[in-house]
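Please load the model in your viewer and keep the sequence panel open beside it. The tour proceeds by selection, one stop at a time.

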Amino acid sequence: MDKILVHGGRRLRGTVKISGSKNSALPILAATLLTKEPCTISRVPDLSDIHYMLTILSELGCEVERASGMVQIRAEKVKTHAPYDIVRKMRASVCILGPLLGREHRATVSLPGGCVIGDRPIDLHLRGFEALGASVKVSNGNVMILAPKLTGATISLRSTFGSTVLGTGNVMMAAVLADGQTIIDGAAEEPEVVDLANFLIAMGAKIDGAGTRRITIEGVKELHGAKHEVIPDRIEAGTFLVAGAISGDEVTVSRVNPEHLLAVTSPLREAGFHITVNGNKVSVSPGPKRRALKLDTIPYPGFPTDMQAQMCALLATTDGISVVSEHVFPNRFMHVAELKRMGANIDLQGPTAVITGVPKLSGAPVMASDLRASAALVLAGLQADGVTEVNRVYHIDRGYESIDEKLNELGAEIERVKA
Ligand code: EPU
């Protein structure tokens, strides 16, 4: 298994180009199942999760061609059964359910297993499909969904933890080919949902209100092929901004949508950093004094759960007491024990991390547990004395395109040791 060695203490300076969004690209690639005509998706990041999705689409019978960020998919004929060995590697494979149901009126997909960041059920997705007229059966680890006819309905996707991002996408993808009008109440407002809706609209779907809590869909008879460019990855951009805050003189992320980054740039400003926006570029540089923060993860436009671990790495060396509460995935704190091994002073109280800033972290061998936790450990390593050895880096390759090379271009000293 590859590992990453971070030599701490280097200052970062310069500009990094941000890739297309993983969490947009995954459901958009799945949505190509909705038409027999070819679709071309550009700015698709080169990540292992994307590779899994393309493998699933190929296994379902799609013709898939890929060349430097551009993917062409033609789903002339599709199978409706995705077996365990191809879907088990990635939880986001559940987003093939909606398009298969919409197009073929049936889908059998292995249920996603547990996940290190929490239980991650799909009850809301299934509730949405049932409201559209589908019957849902779970047996032998598979979820089987069947709908002789899909009929528009009013569906609420609200849960204790907010809405569901992939669930909103899934229901939207099934409803675009249903008879009549579907209203999704309590829809997720994330930019990735809007990006998916824009792709579906380019395919001929009638969708209104994406990006708000209420999405209205008028079903159409069929969809056609379309071209689409994926939006910039706001979490990758946020991660590099936090890297810049941790050990940068001035770090700029380019090819981003600054509005999508407000939930990260606002707390960085509050923490004492200078943030400047210039077109599609955002820069971070140190201010006179760093300040501790109180942060709560909540669905968009709130502070994202996908940035919580990275922000903990920053706050670990910020003077004062910071309080970080997780309201989306209450158990998503696997990075805390590893940060403590590096000298951080963090007291975990249920879904809340109380972080007392220490002057310095020290390098140590640490274990990546999930994608964002791994990124946080690399960021912690940038500011640590000595060498931080991050093991199990396959987690990081699921969601960051060449993070080591991009950080090195900014002045970091990171080695990837091949197993
Ligand atoms: N939930 C339910 N029932 C459901 C679905 C979700 O109770 O049927 C709960 C979840 O357990 C969680 C909350 O609702 O407490 C939100 O989960 P959501 O469904 O929104 O998560 P997701 O759509 O499965 C996406 C991203 C995650 C990101 C979350 C929240 C993709 C591929 N994944 O997951 O990204 O953390 O939204 O913003 O889009 C990551 O990139 O590292 C990552 C984990």
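The stops below cover a sheet, a helix that lies across it, and several salt bridges.

The model is predicted: local features require pLDDT of at least 70, side-chain atom pairs count only at pLDDT 80 or more, and totals for chains, interfaces and linings use all residues. Residues are numbered from 1 along each chain as its sequence is written, and side-chain values use heavy atoms, with hydrogens and water left out.

**The sheet**

Select strand S4 (63-67) and strand S14 (227-229) to begin. Helices (H or I, at least four residues) and strands (E, at least two) are DSSP runs numbered from the N terminus. The open sheet consists of four strands in the order S4-S5-S3-S14, with mixed pairing; two strands pair if DSSP finds at least two bridges between them. S4 and S14 stand at the edges with a single partner strand each, so one side of each has no neighbour in the sheet. On average, neighbouring strands of this sheet are turned by 15° against each other, direction ignored.

Add strand S5 (residues 70-74), which pairs with S4 in the antiparallel sense over five bridges. Within this pairing, Arg66 stands opposite Val71 in S5.

Next, display helix H2 (residues 48-59), which lies across S4 and S5 and runs at about 150° to S4. Axes are lines fitted to C-alpha atoms, for helices over the stretch in contact (heavy atoms within 4.5 Å), and angles run from 0 to 180 degrees between N-to-C directions.

**From the helix to a distant loop**

Stay on H2 and select Asp49 together with Arg398: their side chains meet in a salt bridge at 2.8 Å, N to O. The term denotes a side-chain nitrogen of Lys or Arg within 4 Å of a carboxyl oxygen of Asp or Glu. Arg398 lies in the loop between helix H13 (394-397) and helix H14 (403-409), so the pair ties together parts 349 residues apart in sequence. Is Asp49 buried or exposed? Asp49 is buried, at 2% relative accessibility, whereas Arg398 is partly exposed at 25%. Buried means under 20% relative accessible area, exposed over 50%, and partly exposed in between (1.4 Å probe, protein chains only).

**Further salt bridges**

The whole structure contains 20 salt bridges. Select Arg416 and Asp2, whose side chains meet at 3.7 Å, N to O. Arg416 is in strand S26 (residues 413-417) and Asp2 in the segment before strand S1 (3-7), 414 residues apart. Extend the selection to Asp397, Asp404 and Lys418, which are linked with Asp2 and Arg416 in a network of salt bridges.
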